[in-house]
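Biologist: I am new to this structure and should like to learn how to read its helices. Could you guide me through a few features?

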Amino acid sequence: MAGLIPQGFIDDLLGRTDIVEVVGARLKLKKTGKNYSALCPFHNEKSPSFSVSPDKQFYYCFGCGAGGNALSFVMDFERLDFPEAVEDLAKQAGVAVPREERSDRRQSSAPRKDSPLYALLEQAAAYYRQQLRQHPKKARAVSYLKQRGLTGHIAKTYDIGMAPPGWDNLMAHLARDSTEVKALIEAGLVVENEDSGKRYDRFRDRIMFPIRDSRGRVIGFGGRVLGDDKPKYLNSPETPVFHKGQELYGLYEAKQQNRQLQDILVVEGYMDVIALAQHGVTNAVATLGTATSEDHLKRLFRLVHSVTFCFDGDKAGRQAAWRALNSALPVLEDGRHVRFLFLPDGQDPDSMVREEGQQAFEQRINQQAQPLTEYLFRHLSEEARPDSLEGKAHLAALALPLIDRVPGSLLRRLLRQSLAQITGMDLNQVASEAAQAPAAQQPPASMAQAASVQAPAEHGAPWDDDWQPPMDDYQPAYELAEPDEPAAPARRGRSGGRKGVDSPLLQAARTLLHHPHLAGLALQANELADEDEDEARLLVALLDAAQKNPGLNTIEMLARWHGTALGDQLSMLAEQEWLLNNPNANLEQQFFDTINRLSAEQTERRIDKLLAKPLHELSAEEKQQLRDLYQRQRAPKTDR
């Protein structure tokens with residue numbers, strides 16, 4: 001059935017699902033205190049580090065960091081997409097999954113779950129397989145595959161087929177009328193010449209490699225030419241069910257051949273994937289004629305914690321590796337590993353594994369693959385040699401922006417430490433000087449304007465063109481001081497704080513996530529809706545959800561954003577429940593202090609924005625808004 005699954009249904013489904021039953025049906029659980037433990041299904045271990053909490057309806061592995069709710073467990077354990085996992089839980093609960101029709105026209109072109117293109121593409125795959133077995137000219141294709149060392153078994157595993165020579169073989173086999181021909185065009189199997197109107201098969205005289213999605217459905221094809229036609233490899237075009245920038249060839253087959261994937265090897269071609277599988281290396285995937293993207297890596301890191309890129313050692317291979325590194329940086333959370341293996345010149349994974357065999361090839365990966373961090377500094381040092389002061393400065397200038405893209409706080413800190421050792425620079429001092437430089441050069445425009453106006457004769461008099469902001473009450477945003485600290489000349493970033501300590505915003509978000517009832521005692525989220533910092537927006541989003549849905553619990557909040565970047569951050573906070581167990585920390589008071597501080601800072605920013613305009617240009621509404629903001633600023637602050 002098409003349409004979105006209502007959020008309310010997901011919340012209700014999780015509310016009636018017991019995670020102990022869901023996990024216990026798949027793992028052998030042992031009662032340990034108020035929780036349950038088991039061997040983690042997501043990494044190899046000898047002693048149990050996987051814990052399930054019936055109170056929080058949450059699981060967490062202290063060994064590999066996997067964690068989530070019943071829905072995420074089913075997704076990761078069964079390797080299902082989100083809608084499939086919902087269907088699975090709903091079936092266990094004995095309820096049907098409702099759907100809502102999409103109202104956004106921009107989403108109307110998204111593929112329906114029951115798109116007829118899936119069946120059509122599966123029929124095409126079956127036709128290509130049949131041609132490889134029965135076509136009179138199959139000998140050349142069979143000979144090519146045997147020369148590459150492939151067996152019938154591996155050809156069957158990857159459903160390899162053949163598109164016979166000729167212009168309309170597939171079209172004649174599958175299309176009986178113009179409607180079916182149009183469906184073949186939409187599926188990318190038939191091409192229509194815009195000038196002449198002629199239609200012909202896209203794939204002709206080629207070895208055919210079906211591309212499957214996470215559910216095993218054929219969504220497109222890759223074809224390797226048998227004759228002299230160009231290009232050598234041809235992929236399906238973008239269609240309603242195929243987006244090459246998001247898909248990976250061989251990922252479905254890798255999951256089928258490995259119950260517990262530990263590492264995924266990313267190579268460049270179809271034949272590399274298949275030849276590696278032929279020799280026992282069954283964890284390889286390939287991009288589809290595109291560079292490895294951030295979306296690709298997000299998808300891979302849902303399955304494993306380690307990804308290894310395997311490239312040729314030539315210039316093109318190293319350029320591809322650097323592009324892959326840049327795509328990996330934004331998803332490199334703590335606990336995730338990326339490595340790079342460069343093969344000798346003239347070799348690719350296909351030829352290498354055939355020459356040295358599985359054991360030697362895997363040994364090569366283990367011994368020669370460079371960690372991303374090592375490759376990063378080695379590559380940059382080729383451009384900015386750190387054997388001179390100028391080279392060290394250049395290296396730091398190149399490396400720091402890349403390091404700042406890493407979301408994993410521990411890894412980011414270690415990268416900065418490594419850079420500091422290489423360059424001999426105090427990077428914290430560099431950052432401090434950079435932050436203070438703009439403030440020392442020029443005061444904010446709002447301050448300069450505020451200094452030029454005079455205070456009114458009577459505080460609170462009716463607003464007119466002569467009334468000016470009360471200077472004794474107005475405190476510019478840049479002069480705000482941290483609690484119990486002296487005022488600083490430049491405003492500190494709220495996500496800063498002491499090194500290695502979470503910001504007050506993250507601490508408040510963690511507290512609210514585990515104690516959603518606090519939202520009902522706090523300021524309304526719409527009063528804080530102008531926040532533009534990521535950590536502040538995270539807190540405001542939690543506050544808004546909990547205020548609009550009283551009674552929402554931790555697990556329902558996690559489910560609300562599951563599978564999104566915000567959901568990943570919430571999962572990390574949920575895993576840190578132990579940080580809330582400090583008996584000396586007044587977490588509720590800290591939470592309300594942070595909310596009040598957000599409100600005060602937002603008030604000041606709004607005042608700054610209004611004062612940036614000449615007073616005589618302010619409308620009556622803006623003048624009233626400025627008066628209200630001053631009154632709010634002077635109002636006594638309460639804890640709740």
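Modeller: The following turns take up several helices of this predicted model.

Biologist: What span should helix H4 have, and how far apart are its end C-alpha atoms?

Modeller: The expected span follows from a rise of 1.5 Å a residue. Helix H4 covers residues 82-93, 12 residues, and should therefore span 16 Å; its end C-alpha atoms lie 17 Å apart, which agrees. Just after H4, Gly94 adopts a positive phi of about 75°.

Biologist: Which residues of H4 are buried, and what covers them?

Modeller: An α-helix has 3.6 residues a turn, so residues three or four places apart point the same way. In H4, the buried residues are Glu84, Ala85, Val86, Leu89 and Ala90. Their cover includes helix H1 (7-15), helix H2 (19-24) and helix H3 (70-78).

Biologist: Is Gln359 buried or exposed?

Modeller: A residue counts as exposed when its relative accessible area is over 50%. Gln359, in helix H14 (residues 349-368), has a value of 67% and is therefore exposed. Its C-alpha atom is separated by 8.9 Å from that of Gly280, 79 residues apart along the chain.

Biologist: How do helices H15 and H16 cross, and which residues meet there?

Modeller: The axes of H15 (residues 372-383) and H16 (residues 389-403) come within 9 Å and cross at roughly 145°; the crossing is right-handed. From H15, Leu376, Phe377, Leu380, Ser381 and Glu383 meet His394, Leu395, Leu398, Ala399, Leu402 and Ile403 of H16. By class, this contact of H15 with H16 comprises 8 nonpolar, 2 polar and 1 charged residues.

Definitions and conventions
Residues are numbered from 1 along each chain as its sequence is written. This is a predicted model: local features need pLDDT of at least 70, side-chain atom pairs count only at pLDDT 80 or more; totals for chains, interfaces and linings use all residues. Side-chain values use heavy atoms; hydrogens and water are left out. Helices (H or I, at least four residues) and strands (E, at least two) are DSSP runs, numbered from the N terminus. The expected span of a helix is 1.5 Å times one less than its number of residues. Buried means under 20% relative accessible area, exposed over 50%, partly exposed in between (1.4 Å probe, protein chains only). Contact means heavy atoms within 4.5 Å. Axes are lines fitted to C-alpha atoms, for helices over the stretch in contact, and angles run from 0 to 180 degrees between N-to-C directions. A crossing is left-handed if the near helix is turned anticlockwise from the far one by less than a right angle, and right-handed if clockwise. Ala, Val, Leu, Ile, Met, Phe, Trp, Tyr, Cys and Pro count as nonpolar, Asp, Glu, Lys and Arg as charged, and the others, Gly among them, as polar.
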